[in-house]
Amino acid sequence: LLTGREPFAGATIHEVVEKHLHEEPVFPTVIRADVPDALCRIAFKALEKDPADRYPSAEAMAEDLDRHIRGEVVRTRASLYDNLLYRDIVSRYHIREVHAVRELARLLMTNIGVPISFNKLKTYLQLGSVHTVQNFIKYFETAYLYFTINQYHSSLKRQMINPKKGYAIDTNLAMEAGFHPSGDVGRLLENAVFLHLKRQQHEIYSYQSRRHTEVDFYLPMKK
């Protein structure tokens, strides 16, 4: 009813069921930009794969719909991470591969400070092009969700080719969105150092010596 079409369509009932089980629905504002954010969140909560994440009953969902009609705040509030991901990325850039975006964000937030392989991400996420992965990461950066840094080299071309490293805008956000067993203190501390350097407006790179000694952060001297 929100978009004028079903969340999943297929040639057979089996195909529709498979999509319900394994695919993410298209975010409503991708199809209709005028759908209110609260209704999008209500619809997505009702379509969650894990029953524990859905409304406990039809009555609970109806209560949230009534709150929206009355102009009140619905209970299925989106976290800061959800707002960044859905409103500022999925909806703004009309992305249909919602599951791939969510999974990419989870992988990046889990592997903060780890060199990024666009080809491996493309294969894992089953996306058709490396450029799609690069565009998604660019959208994350535009939304201030995630930042990448180049590996330093005197050749700009080599900098573009060398693997990038990435960091979250906030360590708590990385904890919420990624998987960090036992707190993963080392990577979170590295992320905190990156944020401190960025606030100081430094030009930040990673660095690897000819003997393959790695330096987390390299700040070229300003001339």
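**Exercise 1.** Where along the chain does glutamine 201 sit? Then work out whether glutamine 201 is buried or exposed.

*Solution.* Keep in mind that you're working with a predicted model.
- Step 1: Look for glutamine 201 in the loop between α11 (185-199) and β3 (205-208).
- Step 2: Check the backbone. Glutamine 201 isn't a glycine, yet its phi is positive, about 60 degrees.
- Step 3: Now the accessibility. Exposed means over 50% relative accessible area. Glutamine 201 has 67%, so it counts as exposed.

**Exercise 2.** Let's try the loop after β3. What is the phi of histidine 212, and why does histidine 212 count as buried or exposed?

*Solution.*
- Step 1: Find histidine 212 in the loop between β3 and β4 (214-218).
- Step 2: Read off the phi: about 65 degrees, a positive value in a residue that is not a glycine.
- Step 3: The relative accessible area of histidine 212 is 59%, so this residue is exposed.

**Exercise 3.** Which residues make a nonpolar surface patch of about 310 Å²?

*Solution.*
- Step 1: The patch is built from Ile13, Val17 and Leu21.
- Step 2: Pick leucine 21 and place it: it belongs to helix α1, which covers residues 13-22.
- Step 3: Because its relative accessibility is 52%, leucine 21 counts as exposed.

**Exercise 4.** Time to go inside. Which members of the largest nonpolar core touch the most other members, and which helix gives the most to this core?

*Solution.*
- Step 1: The core has 35 residues, and Leu85, Ile137, Phe140 and Leu145 are the ones touching the most other members.
- Step 2: Next, the helices. At least two core residues come from each of α5 (80-91), α6 (98-110), α7 (118-125), α8 and α10 (171-177).
- Step 3: The top contributor is α6, with eight residues.
- Step 4: Zoom in on leucine 85. Skip its neighbours within four places in sequence, and its contacts are Val90, Val101, Arg102, Ala105, Phe140 and Leu145.

**Exercise 5.** Describe glutamine 134: which helix is it in, and how far is its C-alpha atom from that of asparagine 119?

*Solution.*
- Step 1: Glutamine 134 is part of helix α8, residues 130-142.
- Step 2: Along the chain, glutamine 134 and asparagine 119 are 15 residues apart, and their C-alpha atoms are separated by 9.9 Å.
- Step 3: Partly exposed covers the range between under 20% (buried) and over 50% (exposed). Glutamine 134 has a relative accessible area of 30%, so it is partly exposed.

Conventions: Residues numbered from 1 in each chain as written. Predicted model: local features only at pLDDT ≥ 70, side-chain atom pairs only at ≥ 80, totals over all residues. Heavy atoms only, no water. Helix = DSSP H or I, 4+ residues; strand = E, 2+ residues; numbered from the N terminus. Buried < 20%, exposed > 50% of the residue type's maximum accessible area, 1.4 Å probe, protein only. Patch = residues over 30% accessible without salt bridge, like charges linked within 9 Å, V, L, I, M, F, W, Y side chains within 5 Å. Areas by Shrake-Rupley, 256 points an atom, 1.4 Å probe, with all protein chains shown as cover. Salt bridge = Lys/Arg side-chain N within 4 Å of Asp/Glu carboxyl O. Core = buried A, V, L, I, M, F, W, Y, C linked by side-chain atoms within 4.5 Å. Contact = heavy atoms within 4.5 Å.
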